[in-house]
Amino acid sequence: MVETMNNTWFLACQVQDVPENGGVCVKVKDQQIALFHFARRGEWYATQNECPHRQQMALSRGMIGSQGEEPKVACPFHKKTFSLKTGACLSGDVEAIKTYSVMVKDESVYIFLESDEI
């Protein structure tokens, strides 16, 4: 854990724990967070794990891809798609999801939580 001005980077896992072009669920404090390694783009993303459509903890098992230039994840159950950058529902029919900043340092993956999320 690295603390910065009432905000914290939490150690989520090691790089090798996340499949390339896939995701895993990590628990940070009491939150389930979906962590994605979008290797084709050389990028990492983190979102809430709960899909707002049916309140199922499943987004970490979703398929990732792109819609134009926008990286996205599709819920494995109902195929609702969400931007991995902004959390917006790309089909526009359910609420947005929460996104988190990700930092990779020395083969460790960190997720940033603000003080009110801890």
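Biologist: Is Asp93 buried, partly exposed or exposed in this model?

Modeller: Keep in mind that this is a predicted model. Asp93 has a relative accessibility of 43%. The partly exposed class runs between the 20% and 50% cut-offs, so Asp93 counts as partly exposed.

Biologist: And which residue does Asp93 form a salt bridge with?

Modeller: The closest N and O atoms of the pair are 2.5 Å apart, and the cut-off is 4 Å. The pair links distant parts of the chain, 13 residues apart: Asp93 sits in the loop between strand E10 (81–83) and strand E11 (99–100), and its partner is in the loop between strand E9 (70–74) and E10. That partner is Lys80.

Biologist: Is Lys80 buried or exposed?

Modeller: Its relative accessible area is 15%. Buried means under 20%, so Lys80 is buried.

Biologist: How many salt bridges does the structure hold?

Modeller: Besides Asp93 with Lys80, there's Arg41 with Glu43, where the closest N and O atoms are 2.8 Å apart. Arg41 is partly exposed at 27% relative accessibility, and Glu43 is partly exposed at 25%. The count of salt bridges is two.

Biologist: Let's go to the loop between E2 and E3: is Glu20 there buried or exposed?

Modeller: Glu20 does touch His37 and Ala39, leaving aside residues up to four places away in sequence. Still, its relative accessible area is 60%. Exposed means over 50%, so Glu20 is exposed.

Biologist: What separates the C-alpha atoms of Glu20 and Arg40?

Modeller: Along the chain, these two are 20 residues apart. In space, their C-alpha atoms are separated by 8.1 Å.

Biologist: Now the inside: which residues have the most contacts within the largest nonpolar core?

Modeller: Nonpolar side chains tend to be buried together in soluble globular proteins. Here the largest nonpolar core has 15 residues, and strands E2 (7–14), E3 (22–28), E4 (31–38), E5 (43–48) and E13 (108–113) each give two or more of them. Apart from this core lies another of 13 residues, including Ile64 and Phe82. In the largest core, the residues with the most contacts are Ile33, Leu35 and Ile111.

Biologist: What does Ile33 touch, beyond residues up to four places away in sequence?

Modeller: Among its contacts are Val24, Val26 and Val28. Ala46 and Tyr100 are on the list too. The others include Ile111 and Leu113.

Biologist: Which residues does the UniProt "domain: Rieske" annotation cover?

Modeller: The annotation comes from an unreviewed entry. Its span is 0% helix and 52% strand, and its end C-alpha atoms lie 5 Å apart. It covers residues 10–111.

Technical notes
Residues numbered from 1 in each chain as written. Predicted model: local features only at pLDDT ≥ 70, side-chain atom pairs only at ≥ 80, totals over all residues. Heavy atoms only, no water. Core = buried A, V, L, I, M, F, W, Y, C linked by side-chain atoms within 4.5 Å. Buried < 20%, exposed > 50% of the residue type's maximum accessible area, 1.4 Å probe, protein only. Helix = DSSP H or I, 4+ residues; strand = E, 2+ residues; numbered from the N terminus. Contact = heavy atoms within 4.5 Å. UniProt positions renumbered as here; feature names shortened; annotations may be inferred. Salt bridge = Lys/Arg side-chain N within 4 Å of Asp/Glu carboxyl O.
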